[in-house]
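The following exercises concern side-chain contacts in a protein chain. Please work through each task before reading its solution.

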Amino acid sequence: MSKYICIHGHFYQPPRENAWLEEVEVQESAHPFHDWNERINFECYAPNTASRMLNEKGVITDISNNYSRISFNFGPTLLSWMEDKDPETYHKILQADRISKKRFGGHGNAMAQVYNHMIMPLANRRDKETQVIWGMKDFEHRFKRDPEGMWLAETAADTETLEVLADNGIKFTVLAPGQAQAFKLWGSNSWHQTNGTGVDTTQPYIYQLPSGREITLFFYNGDVSQAVAFNHLLNNGLDFAKKLLTTFHKQSGMELVHIATDGESYGHHHRHGDMALAFCLNYIEKGKIADLTNYGQYMEICQEKGECKVIENSSWSCVHGVERWRSDCGCHTGGHKDWTQEWRKPLRQSLDWLRDEINKEIEVHGKEILIDPWEARNRYIDVIIDRESGTIHEYLNENPSQSEIITKGTRWLELQRHAMLMYTSCGWFFDEVSGIETTQILQYAGRCLQLLEQLTGRQLEDEFIMRLEAAPSNLTEFANAAEVYTKVVLPTRLDLERVGMHFAISALFEKDPNSLNIFNYSATSTKLERLEAGLQKFACGMINTRSDVTFSEKKFSFAVLYLGQHNIIGNISLDMSEEKYEEMKNNLTKCFSESNLGEMIGMMQEYFGPHKYTLWHLFKDQKIKVINQILDESLRQVYNSMRKIYNRDYALVNMMNSSDIPVPKPYITTIEYIVNDDLRKCFNDSDLDFNELERISAEFEKWSLTVDDPLKMAQTAGDRIYRTMKKVHKNQKDITLVKTLNDFFGYLVKFGIKPEISKSQNLYFLTAKKVQDLPPENVWVAEFNSLGDNLGITVR
């Protein structure tokens, strides 16, 4: 075979973690999901590990892991999030790379990526090197092999960046066709200037670097990539496959048709794009016109490599080179014709100024702690990957047994990490300086300013804010980026004192508050007193809080009073002695026991001062958690009241209904609430009670009830099916389990519930492969095939 096809997906999300918490906070714009990572994972990343092939009736006939047949890269920060939040998808991606090595001659599909998607031509040499080293180290940790290729953020390239890749052993990268300045085809001695017309993308090219090294460059097919990303080619998998197959044009010799797009095209940007991709891959494999390949394999088998030169400071998403990330070049996402991006240049200038000030301090003061700050930074990725066992001891000048030295050293390295995170490309990509991507990089800048002040005493924040004033916003609520920083970023800042207050408030509601983990902080109480009187709660104590990142620690005393609803008043002290604490505790508990709340609040101010904390000072997710804990008690009371009314008055209300006497609406509401609760309990019980389901079904029909929160109920039903499906997968002899599921589907139809069954379909497919040799007349097989009908999947 001399014709090959390679499809590359660039799967990436910017780091979204709160710069202090190291966790992604709730993002309302991603509703009903917690955040955009979770939403896009559900729509794209997870489906591509188990993509469906459908027959003409819409029934699933095959399931495949697309990642095992396409070239791909995942951003390291995205994989770090996925490893924690969706380990099943994460491990299937790693597994796909292992499978692809067997498929493609020992070459895995996965490519590495520069660490946090920094625009490399705009970075200094040291940052370029760290981005590449961190990206490679992260890749090696996850995929257990050396990367052959590396994806550049926005494919942005210059000669220095390509030198850094080659210097670190990277063999190839992928660029846009418009990034080629000139090329020489294999077997030819003539150089061709592209002059904006592009390059022959069907062969790889060697770029001879000034250092004497070389790197292989693949320029993807721009027309087909554009059709996939923007022109709806993924509406039909057959059209997709035919488009690729008809792109070959050579009569002889080896030829590669390859495309590259954002991986999110396959499911997030285009619904069911993963299925179009799966169909396309199957069609190509079965057609035998071309072979699927990846870049590593093709680089090995293809001897017909040309030579090329690249356009300096070029990229795939800005026709002006890399101006999109440093000026108002005219590139934007659309939708707001009257908006400008004049903010981009002063934003970059402000961050460049901050970076340079940080680097000056590192050269002077960082070297007092770290033997070689820049080498330590390059190796710090080992700690980032594994916070539990990673250590910085070998980087330190002084005795690492001293905790304050370890904290200082870690702070210097964390300062450098955040100084790189603040250059994540998405901060400039979109149209408005107050967007979530830009506020994210400003948050990283805020963390840099805090760490720098802790380490050196230098306060640069006022000047940084002044510089941001030159970056105008398009929205009336923000005059400029300075207001975005002060209104949006500063309220998210925290220190150990604020963490202590989080612990104090949590101590009111947690069952075991003596030791709590709050994101990347831990808190342990040395003294704790909790009292309740009706709705009111009181807690006081002494706690030690510790950062699990920098290992800094502080000890606090606190007192917090809950007055009911959302009314919480808390105080905290850094310097209260144990004697003073005991006095405060005794006096406040006496006031509380006497219900003298007014005097108690005044006394709290005497001991702690006027500054107090309320519910509104909590982190967003923690605030939601506490509010839900408060609501739980109220909802329990609502439930108990409605259950009492239901049990007491049901016979009367039923008689009214049977006699065609209008039933008051509050009774119908009560019945609907209670019966829905019964349904939820039935779904969650360890064993399905079909007598109970029949009773609930009759109640739904009698009272014309509707399912409460159908999305949540669909998820609950889906979880019920999956739990039972796992038992079926382990035991292919128990026909009762299969019958249970089939009967359950019948009731779901009655309730009008469409369960979330994708995971159950995947497991059914695996089970079917295990039992495919059983005779069709087998009673268990017949029942199992009926279950496939209910799940919308057939494997026969």
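**Exercise 1. Locate Leu631 and describe its surroundings at the surface.**

Step 1. Leu631 has its place in helix α21; helices (H or I, at least four residues) and strands (E, at least two) are DSSP runs, numbered from the N terminus. The model is predicted, so local features need pLDDT of at least 70 and side-chain atom pairs count only at pLDDT 80 or more, while totals for chains, interfaces and linings use all residues. Residues are numbered from 1 along each chain as its sequence is written, and side-chain values use heavy atoms, with hydrogens and water left out.

Step 2. With a relative accessible area of 41%, Leu631 is partly exposed. Buried means under 20% relative accessible area, exposed over 50%, and partly exposed in between (1.4 Å probe, protein chains only).

Step 3. Leu631, Leu635 and Val638 make up a nonpolar surface patch, whose accessible area together is about 240 Å². Patches are made of residues with over 30% relative accessible area and no salt bridge; like charges are joined within 9 Å, and nonpolar side chains (Val, Leu, Ile, Met, Phe, Trp, Tyr) within 5 Å. Accessible areas come from the Shrake-Rupley method with a 1.4 Å probe, and for residues only the protein chains shown count as cover.

**Exercise 2. Describe the aromatic pairs of Tyr205 and Tyr650.**

Step 1. Rings of Phe, Tyr and Trp (its six-membered ring) pair if their centres lie within 6.5 Å; planes under 30 degrees apart count as stacked, over 60 as edge-to-face and the rest as tilted. By this rule there are 34 aromatic pairs.

Step 2. Tyr205 pairs edge-to-face with Phe219, at 5.8 Å centre to centre and 65° between the planes. This pair links distant parts of the chain, 14 residues apart: Tyr205 is in strand β10 (residues 205–208) and Phe219 in strand β11 (residues 214–219). Both Tyr205 and Phe219 are buried.

Step 3. Tyr650 and Trp703 are also an edge-to-face pair, with 6.2 Å centre to centre and 70° between the planes. Tyr650 belongs to helix α21 (residues 620–658) and Trp703 to helix α23 (residues 690–703), 53 residues apart. Tyr650 and Trp703 are both buried.

**Exercise 3. Which charged ends sit over the rings of Trp191 and Trp428?**

Step 1. A charge sits over a ring if NZ of Lys or CZ of Arg is within 6 Å of the ring centre and within 35 degrees of the ring normal.

Step 2. Over the ring of Trp191 sits the charged end of Lys309, 4.8 Å from the ring centre. Over the ring of Trp428 sits that of Arg348, 4.2 Å from the centre.

**Exercise 4. Trace the salt bridges of Glu285 and Arg126.**

Step 1. A salt bridge is a side-chain nitrogen of Lys or Arg within 4 Å of a carboxyl oxygen of Asp or Glu. The structure holds 51 salt bridges.

Step 2. Glu285 meets Arg69 in a salt bridge of 2.8 Å, N to O. Glu285 lies in helix α8 (residues 273–287), and Arg69 in the loop between β3 (60–64) and β4 (71–74), 216 residues apart. Glu285 is partly exposed at 29% relative accessibility, whereas Arg69 is buried at 5%.

Step 3. Arg126 forms a salt bridge with Glu363, with the closest N and O atoms 3.4 Å apart. Because Arg126 lies in helix α4 and Glu363 in helix α10 (residues 344–369), the pair ties together parts that are 237 residues apart in sequence. Arg126 is partly exposed at 39% relative accessible area, and Glu363 is partly exposed at 30%.
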